[in-house]
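This briefing walks through a few kinds of side-chain contact and strand pairing, one topic at a time. Please keep the sequence and the 3D view open while reading, and look up each residue as it is named.

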Amino acid sequence: VQVAESGGGSVQPGGSLRLSCVASGDIFSVLNMRWYRRTPGSPRDLVASISNGGVTNYADSVKGRFIISRGSAETTVFLQMNNLKPEDTATYYCNADLVDSRKSMDNYWGQGTQVTVSS
């Protein structure tokens with residue numbers, strides 16, 4: 001199983017970016033999917049999560065600016081980031097609870113994608 005993020009980059013304050021995450025491999029079903037972020041020297045912080053039923057949760061720092069959503073394929077999740085601020089600069093990681101064909105559930109991380117917000 002692999003989890004891969006894309007869509008990071010550099011943007012000016014007030015700009016927008018859309019991150020994508022795709023899980024692939026021996027996947028029977030996808031449960032919760034999450035986006036975390038980390039700055040150097042700090043632990044990974046939860047940014048947003050979405051359940052397989054579509055229930056979403058957000059960190060207070062991004063409420064009203066970020067939107068997490070599932071794609072038409074259950075193995076895909078997006079993070080639409082609007083009105084970006086310099087403090088949003090971080091490496092963003094996708095995290096997923098996946099069930100494989102043996103009905104075994106495990107938690108997987110992507111490699112991360114860098115988001116830089118600077119004028």
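Rings of Phe, Tyr and Trp (its six-membered ring) pair if their centres lie within 6.5 Å, and planes under 30 degrees apart count as stacked, over 60 as edge-to-face and the rest as tilted. By this rule the structure, which is a predicted model, holds two aromatic pairs. A search of the whole structure also finds five salt bridges, and four strands form an open sheet.

**Aromatic rings**

- A pair of aromatic rings is described by the distance of the centres and the angle of the planes.
- The rings of Y36 and W109 have their centres 4.8 Å apart and their planes at 55 degrees, so this pair is tilted.
- Because Y36 belongs to strand β4 (residues 29-38) and W109 to strand β10 (residues 105-109), the pair ties together parts of the chain that are 73 residues apart in sequence.
- Y36 counts as buried, since its relative accessibility is 18%, whereas W109 is partly exposed, with a relative accessible area of 33%.
- For the rings of Y93 and W109, the centres are 6.5 Å apart and the planes stand at 85 degrees, so this pair is edge-to-face.
- This pair, too, links distant parts of the chain, with Y93 in strand β9 (residues 90-99) and W109 in strand β10, 16 residues apart.
- Y93 is buried, and its relative accessible area is 9%.
- Taken together, the ring pairs link Y36, Y93 and W109 into a cluster.

**Charges over rings**

- R44 lies over the face of W109, at 3.9 Å from the ring centre, and W109 is also a member of the ring cluster with Y36 and Y93.
- Elsewhere, the charged end of R18 sits over the ring of F78, 3.9 Å from the centre of that ring.

**Salt bridges**

- Which residue forms a salt bridge with R34? The partner of R34 is D97, and the closest N and O atoms of the two are 2.6 Å apart.
- Because R34 lies in strand β4 and D97 in strand β9, this salt bridge ties together parts that are 63 residues apart in sequence.
- Both ends of this contact are buried, R34 at 16% relative accessibility and D97 with a relative accessible area of 8%.
- The side chains of R37 and D88 meet in another salt bridge, with 2.9 Å from N to O.
- R37 lies in strand β4 and D88 in the loop between β8 and β9, so this pair ties together parts that are 51 residues apart in sequence.
- R37 counts as buried at 13% relative accessibility, and D88 is buried as well, with a relative accessible area of 0%.
- A further salt bridge is formed where the side chains of R102 and D100 meet, at 2.9 Å from N to O.
- Is R102 buried or exposed? R102 is exposed, with a relative accessible area of 68%, whereas its partner D100 is buried, with a relative accessible area of 7%.
- Salt bridges that share partners join R37, R65 and D88 into one network.

**The open sheet**

- The four strands of the open sheet follow the order β1-β3-β8-β7, and their pairing is antiparallel.
- Strands β1 (2-6) and β7 stand at the edges, each with a single partner strand, so one side of each is left without a neighbour in the sheet.
- On average, neighbouring strands of this sheet are turned by 15 degrees against each other, with direction ignored.
- At the β1 edge, five bridges join β1 to strand β3 (residues 17-24), and these two strands run antiparallel.
- Within this pairing, A4 stands opposite V22 in β3.
- At the β7 edge, strand β7 (residues 66-70) is joined by five bridges to strand β8 (residues 76-81), and these strands also run antiparallel.
- Here I68 stands opposite L79 in β8.
- How many residues lie between β7 and β8 in the hairpin that they form? There are five residues between the two strands of this hairpin.

How values were computed. Residues are numbered from 1 along each chain as its sequence is written. This is a predicted model: local features need pLDDT of at least 70, side-chain atom pairs count only at pLDDT 80 or more; totals for chains, interfaces and linings use all residues. Side-chain values use heavy atoms; hydrogens and water are left out. Buried means under 20% relative accessible area, exposed over 50%, partly exposed in between (1.4 Å probe, protein chains only). A charge sits over a ring if NZ of Lys or CZ of Arg is within 6 Å of the ring centre and within 35 degrees of the ring normal. Two strands pair if DSSP finds at least two bridges between them. A salt bridge is a side-chain nitrogen of Lys or Arg within 4 Å of a carboxyl oxygen of Asp or Glu. Axes are lines fitted to C-alpha atoms, for helices over the stretch in contact, and angles run from 0 to 180 degrees between N-to-C directions.
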